[in-house]
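Subject: Structure for your set-up

Hello,

Here is the structure I said I would pass on. My notes on it follow below the entry.

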Amino acid sequence: LGIPAEPLFRSAIVKGEPIYFIVLSKLLLYFKIFGGKMRRVFSLIVDNSSGVLSRVAGLFSRRGYNIDSLTVGETADPRFSRMTVVSIGDEDTLDQIVKQLRKLEDVRDIKVLEEGKSVFREIIMIKVKANASQRQDIAALCDIFRATIVDVAKDCLTVMLTGDNSKLEALSNLLSDYEVLELARTGLTALSRGSEDVVVLN
């Protein structure tokens with residue numbers, strides 16, 4: 001199912017609960033969130049040239065693959081860009097995505113980033129309607145999540161937070177108690193941990 005098995009079993013042992021109960025509970029939560037499908041993060045090194053983004057996105061569109069998130073930016077070498085694509089699907093579909101992406105001439109390298117072996121980050125900005133009496137409560141929430149208030153107006157303020165998806169969702173859910181005027185997310189960006197699989201392109 002694409003769910004790391006080791007953390008599931010380790011958590012069961014630490015809590016002293018039956019392993020099968022913990023695994024079953026987390027599997028049920030997984031199916032509830034993703035409908036039994038997997039979430040996979042692809043990191044692509046592509047040529048930094050015009051039309052690459054449209055060709056990659058077009059491949060997903062033509063074949064009916066789902067893009068949950070897509071970010072792209074220049075690498076340390078200005079000849080190349082790094083594209084981070086998050087997709088949700090069954091195992092066969094996700095395997096086909098890798099095979100089809102490898103066929104594109106613009107794609108120089110592709111790897112799947114795994115939980116525990118990679119660092120995932122995203123930025124969210126939330127503009128919340130708030131009067132003077134509400135600002136203190138919102139500021140207290142920001143302190144808990146280490147979020148930053150980046151703009152303050154007479155009737156609203158804008159909060160920015162960097163973190164993984166669960167952290168961003170948690171803050172967003174709490175701020176939904178107020179009137180959210182605008183919300184923007186960058187999409188996921190990620191790198192693998194360590195230097196073992198770093199690819200140097202000539």
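Strand β1 (residues 38-47) and β3 run antiparallel and are joined by 10 bridges. This is a predicted model, and one pairing that can be used to find the register in it is M38 opposite G89 in β3. Strand β2 (residues 69-74) is also antiparallel to β3, with 6 bridges between them. In that pairing V72 stands opposite M83. The connection from β2 to β3 is a hairpin of 5 residues.

β3 is mostly covered, with 8 of its 10 residues buried. V85 is found in this strand, which spans residues 80-89. Its relative accessible area is 1%, so V85 counts as buried, the cut-off being under 20%. Beyond its neighbours within four places in sequence, V85 is in contact with R40, V41, F42, L44, F60, I67, S69 and L70. For one of these, R40, the separation from V85 is 45 residues in sequence and 8.3 Å in space, C-alpha to C-alpha.

F60, one of the contacts of V85, also belongs to an aromatic pair. The structure holds 1 such pair. It is formed by F60 and Y65 and is edge-to-face, with 6.0 Å centre to centre and 85° between the planes. Both F60 and Y65 are buried.

The other strand to look at is β5.

Strand β5 covers residues 118-129, and its side chains alternate along the strand. S118, F120, E122, I124, I126 and V128 point to one face and are buried. V119, R121, I123, M125, K127 and K129 point to the other face and are not buried. In a regular strand the side chains alternate between the two faces of the sheet.

β5 has these antiparallel pairings:

- With strand β7 (residues 156-163) there are 8 bridges, and K127 stands opposite T158.
- With strand β8 (residues 179-185) there are 6 bridges, and I124 stands opposite R185.
- With strand β9 (residues 189-192) there are 4 bridges; S118 has S192 as its bridge partner, and R121 has T189.

The side chains of β9 alternate too: A190 and S192 point to one face and are buried, while T189 and L191 point to the other and are not. Taking the two bridge pairs in β9 again, S118 and its partner S192 are buried, S118 according to the pattern of β5 and S192 according to that of β9. R121 and its partner T189 are not buried, as the pattern of β5 shows for R121 and that of β9 for T189.

On pockets, the second largest has a volume of about 260 Å³. It is lined by 16 residues, and those closest to its centre are I45, R82, V198, V199 and V200. β3, β4 (107-113) and β9 each supply at least two residues of this lining.

If you check backbone torsions, R146 will come up. Its phi is near 60°, a positive value in a residue other than glycine. R146 lies in the loop between α5 (132-145) and β6 (148-152). Its relative accessibility is 74%, so R146 counts as exposed, the cut-off being over 50%.

For the chain as a whole, there are 6 helices and 9 strands. Of its 202 residues, 35% count as buried. Among contacts between residues at least 6 apart in sequence, 71% join residues at least 24 apart.

Last, the confidence values. The mean pLDDT of the chain is 84, and 82% of its residues reach 70 or more. Which stretches stay under 50? Residues 1-19 do, and so do residues 29-33. The model has 21 contacts beyond four places in sequence for residues 1-19 and 8 for residues 29-33. Where pLDDT is low, the predicted coordinates should not be read in detail.

Regards

Notes. Residues numbered from 1 in each chain as written. Predicted model: local features only at pLDDT ≥ 70, side-chain atom pairs only at ≥ 80, totals over all residues. Heavy atoms only, no water. Buried < 20%, exposed > 50% of the residue type's maximum accessible area, 1.4 Å probe, protein only. Contact = heavy atoms within 4.5 Å. Pairing = 2+ DSSP bridges. pLDDT = per-residue confidence, 0-100. Phe/Tyr/Trp six-rings, centres within 6.5 Å; stacked < 30°, edge-to-face > 60°. 1 Å grid on protein atoms, 1.4 Å probe; cavity = no way out; pocket = protein on both sides within 12 Å on 5 of 7 lines; lining within 4 Å. Points joined across faces, edges and corners; volume = space filled by probe spheres on them.
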